[in-house]
Structure formats: structure tokens, C-alpha cells
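Visitor: I'm new to this one. Please walk me through it step by step.

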Amino acid sequence: MQLNLQTVLSRQMNSSRTVIVTSKQGDVDGDGTKDNVFLTANKTPDSPFWRNITLVIQNGRTNQYEQVPMKNNAGYNPTLFLGDFTGNGGDDILVVIDTGGSGGSIYTYVFSYSNGQLMTTFNSDSFNESFQYDVNYENQYKVKVNSHYLKERYILDLTYKGQEYLSEIYNKDGILKAPIEGWVNPLSGLYPVDFNRDGIYELEAYQRIAGRYNADSLGFIQTILKWNGKAFIPDRQNVAIFGEEI
């Protein structure tokens, strides 16, 4: 099967360096027959970096190949996951690619068949545009995180950071020496989790909260996304912080 695909790829893509990175089997179009799903890409010599990452689906009934390009098609460690995210009884396709950036961000897509047509039901660009935040340091060793999308506020306690960290930005009375703004990084993790154990997966999205600089991690925003029949919408959101040794 893979040798067959490799022949097709070399003929259609005109690139002898296009290879199969990973593959899965599942019924992605809901017709009762398992299909073959591949990620193909061009290998960079002496590097784990992949270019021209493409989703390829071989229909299990017709053996026809469908190539699905992605806007963000270069990066590291491209992976596939097949599972039902939309409740249509077929396997939807989750693609995740590491960008290699310092913030640990990822490119990710979910593809789903609807009425015989393959649709992009989730992509990281749209998610990052929608889920924006304000991060501001406050007096008395607090950080305020405002979620624009959900109109919610989270208050983080910085005392676990230790006296050396706190003394750099607060005076002895807990008052900020100068205003400080942090930020929330783009999507850095997207995980399929069947919280209800009903056979339908939710998406658990992670975004890292940064303080004065990118390595100054304050915690993670965790957003659970569920399919509502038209789109993935937030079911709930919370913030996870790091613990202090006791």
C-alpha cells in the first residue's frame, strides 16, 4: 500500500524526496470501509524539519487518492490522529505540526467529511485570532488575565515565584515598581480527550501565559472545545498554575 502511494506521489508531485511521514487507517468518510490516511512531506537533509506537508487520503472503496494542502505546511514532528470529534460516526482527522518556535507553538487542523465533502472544521490560525488576552501585573503579587473571547478574568498569585523574583518587580510593600504587561502565547497543545466517555472526542487546547519574557512562564490557559454541529466552541476554560515546593 505504501509502495503504491509512493509511486503515485513521485509521479504527481514530481519530487523524489517526497516521503510518507506517518499513516493511519480509519473510516473517515463514514461509508463503512476503512480508508488510508497519510501525511507526506519533503525531508530537509540532516534536519528533522519537514516541508510541503500534505494530507493524503486513499478512499477504501475506490482506491482513489485525495491530496489536501494546508496553509501552514512546514515544521517538525507532524502527527495524525483519527477519531470522532463531530458525532457523525466517522473518523475525523487531527493534524498537529510543531513550529519549532521558542513559545512551543503548533500548527493544527481538524478535517471532517460532511455530505461527501472534506471540510476544515478547526485550524490554529482562527483559534489564535479569536482567543486573545490581556495580561497585567497588579499590586500585592498578583497577575490579572482577561479573556476577550469569553469575557472572563483570572487572578494569579505570584508568591510561589519566590522572594528573589518578587523583589525585582515589587517594593517591600507589595507595590509594583513599574507597570508590567505579559501575554498569552499561541496554541501550544491540542489534545483529543473523550471527557464524557461517549465515543466523541473533545479538544483540549493549551496556551502558555508568559510574564516579563517568554521563559517566564506563569501557567497555562486550558480551553475545552466541543462540536456544536457547526463549529468547535468553548465548553469551559480554566487556568493551571505551577506549584511551590513545601
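Guide: Let's begin with labels: strands are DSSP runs of E with at least two residues, helices are runs of H or I with at least four, and both are numbered from the N terminus. By that count, the protein has 3 helices and 15 strands. Keep in mind that this is a predicted model.

Visitor: Where does Lys151 lie, then?

Guide: Lys151 sits in the loop between S10 and strand S11 (152-157). With a relative accessible area of 71%, Lys151 is exposed, since anything over 50% earns that word.

Visitor: What is the phi of Lys151?

Guide: Start with the general idea: most residues other than glycine have a negative phi. Lys151 isn't a glycine, yet has a positive phi of about 55°. Gln140 is another non-glycine with a positive phi, of about 65°. Look for Gln140 in the loop between strand S9 (133-138) and strand S10 (142-147). At 40% relative accessibility, Gln140 counts as partly exposed.

Visitor: How confident is the prediction? What pLDDT does the protein average?

Guide: The average pLDDT is 93, and 93% of the residues score at least 70. Residues 10-16 call for caution, as a stretch where pLDDT stays under 50. For those residues the model has 7 contacts beyond four places in sequence.

Visitor: Now the overall picture. What does the C-alpha trace span along its principal axes?

Guide: About 70 × 45 × 30 Å. The protein has 246 residues, and 43% of them count as buried. You can also ask how far along the chain the contacts reach: taking those between residues at least 6 apart in sequence, 44% join residues at least 24 apart.

Visitor: Let's read a strand. Why is strand S2 described as largely enclosed?

Guide: Buried means under 20% relative accessible area. In S2 (residues 35-43), 8 of the 9 residues are buried, so the strand is largely enclosed by the rest of the structure. Now see what pairs with S2. Strand S1 (residues 18-26) runs antiparallel to S2, joined by 8 bridges, and Gln25 has Asn36 in S2 as its bridge partner. Strand S3 (residues 49-58) also pairs with S2 in the antiparallel sense, over 7 bridges; there, Val37 stands opposite Ile57.

Visitor: How many residues lie between S2 and S3 in their hairpin?

Guide: There are 5, and Asp46 in the turn has a positive phi of about 55°.

Visitor: What about strand S6: how many of its residues are buried?

Guide: In S6 (residues 92-98), 6 of the 7 are buried, so S6 is largely enclosed by the rest of the structure. Strand S5 (residues 75-83) pairs with S6 in the antiparallel sense over 6 bridges, with Leu82 opposite Ile93. Strand S7 (residues 106-114) pairs with S6 too, antiparallel and over 6 bridges; here Val95 faces Tyr109. As you trace these strands, remember that in a regular strand the side chains alternate between the two faces of the sheet.

Visitor: Can we compare two single residues? Leu203 first: buried or exposed?

Guide: Buried, at 0% relative accessibility. Leu203 lies in strand S13, and its contacts beyond four places in sequence include Phe85, Val110, Phe122, Leu225 and Phe232. Leu203 and Gly83 are 120 residues apart along the chain, with 11 Å between their C-alpha atoms.

Now Gly199, which is in the loop between strand S12 (181-193) and strand S13 (202-210). At 44% relative accessibility, Gly199 counts as partly exposed. Beyond four places in sequence, Gly199 is in contact with Asp84 and Asp194.

Visitor: Last, the empty space. Which residues line the largest pocket?

Guide: The general idea is that rolling a probe the size of a water molecule over the atoms shows where empty space is left. Here, about 160 Å³ of space lies in the largest pocket. Its lining includes Thr121, Phe122, Asn123, Ser126, Phe127, Tyr149 and Phe232. Strand S8 (117-123) and helix H2 (124-130) each supply at least two of the lining residues. By class, the lining has 7 nonpolar, 4 polar and no charged residues. Two names should ring a bell: Phe122 and Phe232 are in that lining, and both also touch Leu203.

Methods: Residues are numbered from 1 along each chain as its sequence is written. This is a predicted model: local features need pLDDT of at least 70, side-chain atom pairs count only at pLDDT 80 or more; totals for chains, interfaces and linings use all residues. Side-chain values use heavy atoms; hydrogens and water are left out. On a 1 Å grid over the protein atoms alone, a cavity is a set of points where a 1.4 Å probe fits but cannot get out, and a pocket is an open set with protein on both sides within 12 Å along at least five of seven lines; lining residues have an atom within 4 Å of a point. Grid points are joined across faces, edges and corners, and a volume is the space filled by probe spheres set on the points. Ala, Val, Leu, Ile, Met, Phe, Trp, Tyr, Cys and Pro count as nonpolar, Asp, Glu, Lys and Arg as charged, and the others, Gly among them, as polar. Buried means under 20% relative accessible area, exposed over 50%, partly exposed in between (1.4 Å probe, protein chains only). Two strands pair if DSSP finds at least two bridges between them. Contact means heavy atoms within 4.5 Å. pLDDT is the predictor's confidence in each residue, from 0 to 100.
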